Amino acid sequence: MRALILAAGLLVACGGAMAQQGVQEKLKAIQSDPVALRAAVDAGKKVTFFCANCHGEDGISKLPEVPNLAGQNPAYLLEQIRKFGSGERKDPFMQGLIKVLKDDERLQAASYYASMPVPPSRADAALVSKGKELFGKLCVRCHGEQGRGNETIARLAGQKQPYLQTTITRYRDKTGVRNNQLMAIATAGLKNEEIVAISNYLTQLP
Ligand code: HEC
Ligand code: HEC
């Protein structure tokens, strides 16, 4: 009986992983088909009607602790949505909300936000060069010269400074809110004031 329950659990887990792979494959197909992409972006604007309360109508958040979604890589967005759904990433509100979205709606939301431009934000100019130096030493090999990331690595350029600061600190302190081995290692040696400098540098990047 115990073996059976275990086997059933495994099947469900594998099913989940396969379903996610399917969604990412579907996203890739949509991204390379301009007509399908247009349709997904249009549908995404409607699907994200409620998300706009926090993330802003165009994916530019007006709340310091809420991330911009505009300009973010759609595959990264989709993966974060999956993580909220599975509980690997913790946020009381996002975890509940995201369960309501069907796969197609997740695709559409990610496509919509990714299609929107993200303007740079103002930063403390005195901290920018220190932040740039640290970013170049510790972060650039994954996040890229311009901080724009890729399918698996977040775009950081133009992100909200307070959100960046909180998030980097969470990875460093291994609070369990954001779980990622690569980020835990990359941030392990950072002092608080260095995190402030890096996040000021990143928020003003175009
Ligand atoms: C009540 C406010 C609120 C609403 C409404 C909301 N979100 Fe969020 N969202 C947040 C907060 C806060 C975070 C950051 C959580 C954290 O600190 O890690 C977040 C994070 C995210 C992220 C991760 C972004 C990143 O850079 O890693 C995605 C993707 C996301 N939300 C999508 C959505 C979608 C899609 C909707 C609508 C279905 C939505 N959110 C509605 C507050 C909200
Ligand atoms: C070895 C590769 C690697 C290095 C080096 C790295 N990162 Fe990351 N970073 C990632 C990955 C992968 C993710 C996505 C993790 C996840 O899903 O939570 C990420 C996510 C992030 C996020 C979350 C963005 C969001 O929208 O929520 C921030 C902020 C961040 N990194 C900042 C940094 C900073 C600052 C440094 C340098 C001190 C750095 N990273 C170095 C791979 C890396």
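This briefing walks through two iron sites, three helix packings and a few single residues in the structure above. The model is predicted, so please read every value below as computed from that model. The iron atom of ligand 1 has H55 and M94 as its protein donors, while the iron atom of ligand 2 has H143 and M183. Both sites are described as octahedral, the ligand 1 site in one case and the ligand 2 site in the other.

**The iron atom of ligand 1**

- Two protein atoms reach this iron: NE2 of H55 and SD of M94, at 2.0 to 2.2 Å.
- The site has six donor atoms, and the angles among them run from 82 to 178 degrees, making it octahedral.
- H55 sits in helix α3 (residues 52-55) and M94 in helix α5 (residues 92-98), so this pair links distant parts of the chain, 39 residues apart.
- Are these two donors buried or exposed? H55 has a relative accessible area of 10% and is buried, and M94 is buried too, at 17%.
- The cut-off helps here: a residue counts as buried when its relative accessible area is under 20%.

**The iron atom of ligand 2**

- Here the protein donors are NE2 of H143 and SD of M183, which lie 2.0 to 2.1 Å from the iron.
- The angles among the six donor atoms span 87 to 180 degrees, and the site is octahedral.
- H143 belongs to helix α8 (residues 140-143) and M183 to helix α10 (residues 181-187), so the two donors tie together parts of the chain that are 40 residues apart in sequence.
- H143 is buried, with 10% relative accessible area, and M183 counts as buried at 19%.
- As a yardstick for both sites, six octahedral donors would ideally show angles of 90 or 180 degrees.

**How helices pack**

- Helix α4 (residues 74-86) packs against helix α6 (residues 103-115) at about 140 degrees, and their axes are 8 Å apart.
- Why are these two called oblique? Their angle of about 140 degrees falls outside the ranges for roughly parallel (under 35), roughly antiparallel (over 145) and roughly perpendicular (65 to 115), so α4 and α6 count as oblique.
- The crossing of α4 past α6 is right-handed.
- On the α4 side the contact involves P74, L77, L78, I81 and R82, and on the α6 side R106, L107, A110, Y113 and A114.
- Helix α6 also packs with helix α2 (residues 34-47), at an angle of about 100 degrees and with the axes 7 Å apart.
- This angle makes α2 roughly perpendicular to α6.
- Among the residues that make this contact are L37, A40 and V41 of α2 and E105, Q108 and A109 of α6.
- Further along the chain, helix α7 (residues 125-138) and helix α11 (residues 192-203) pack at about 95 degrees, with their axes 7 Å apart.
- Helix α7 is therefore roughly perpendicular to α11.
- The residues of α7 that meet α11 include L127, V128 and F135, and their partners in α11 include V196, A197 and Y201.

**Residues in and after α7 and α11**

- S129 lies in helix α7 and is exposed, with a relative accessible area of 55%.
- The C-alpha atoms of S129 and T48 are 37 Å apart, and the two residues are separated by 81 places along the chain.
- I195 is in helix α11 and is buried, with a relative accessible area of 1%.
- Setting aside neighbours within four places in sequence, I195 contacts Q165, I168, T169, R172 and L190.
- One of those partners, R172, is 23 residues from I195 in sequence and 9.9 Å away, C-alpha to C-alpha.
- Q204 follows in the segment after α11 and is partly exposed, at 26% relative accessibility.
- Not counting residues up to four places away in sequence, Q204 touches P120, S121, A123 and V128.
- Q204 and E151 are 22 Å apart from C-alpha to C-alpha, with their positions 53 residues apart in sequence.

**A loop residue with a positive phi**

- K174 sits in the loop between α9 (161-173) and α10.
- What is the phi of K174? It is near 45 degrees, a positive value in a residue other than glycine.
- For context, most residues other than glycine have a negative phi.
- K174 is exposed, at 61% relative accessibility.

Methods. Residues are numbered from 1 along each chain as its sequence is written. Chains are lettered from A and ligands numbered from 1 in the order in which they are written. This is a predicted model: local features need pLDDT of at least 70, side-chain atom pairs count only at pLDDT 80 or more; totals for chains, interfaces and linings use all residues. Side-chain values use heavy atoms; hydrogens and water are left out. Donors are N, O and S atoms within 2.8 Å of the metal (3.2 Å for Na, K and Ca); water is not among the atoms, so sites may look incomplete. Four donors count as tetrahedral if all angles lie between 85 and 135 degrees; four count as square planar and six as octahedral if opposite donors are over 155 degrees apart and all others between 65 and 115; anything else is irregular. Helices (H or I, at least four residues) and strands (E, at least two) are DSSP runs, numbered from the N terminus. Buried means under 20% relative accessible area, exposed over 50%, partly exposed in between (1.4 Å probe, protein chains only). Axes are lines fitted to C-alpha atoms, for helices over the stretch in contact, and angles run from 0 to 180 degrees between N-to-C directions. A crossing is left-handed if the near helix is turned anticlockwise from the far one by less than a right angle, and right-handed if clockwise. Contact means heavy atoms within 4.5 Å.
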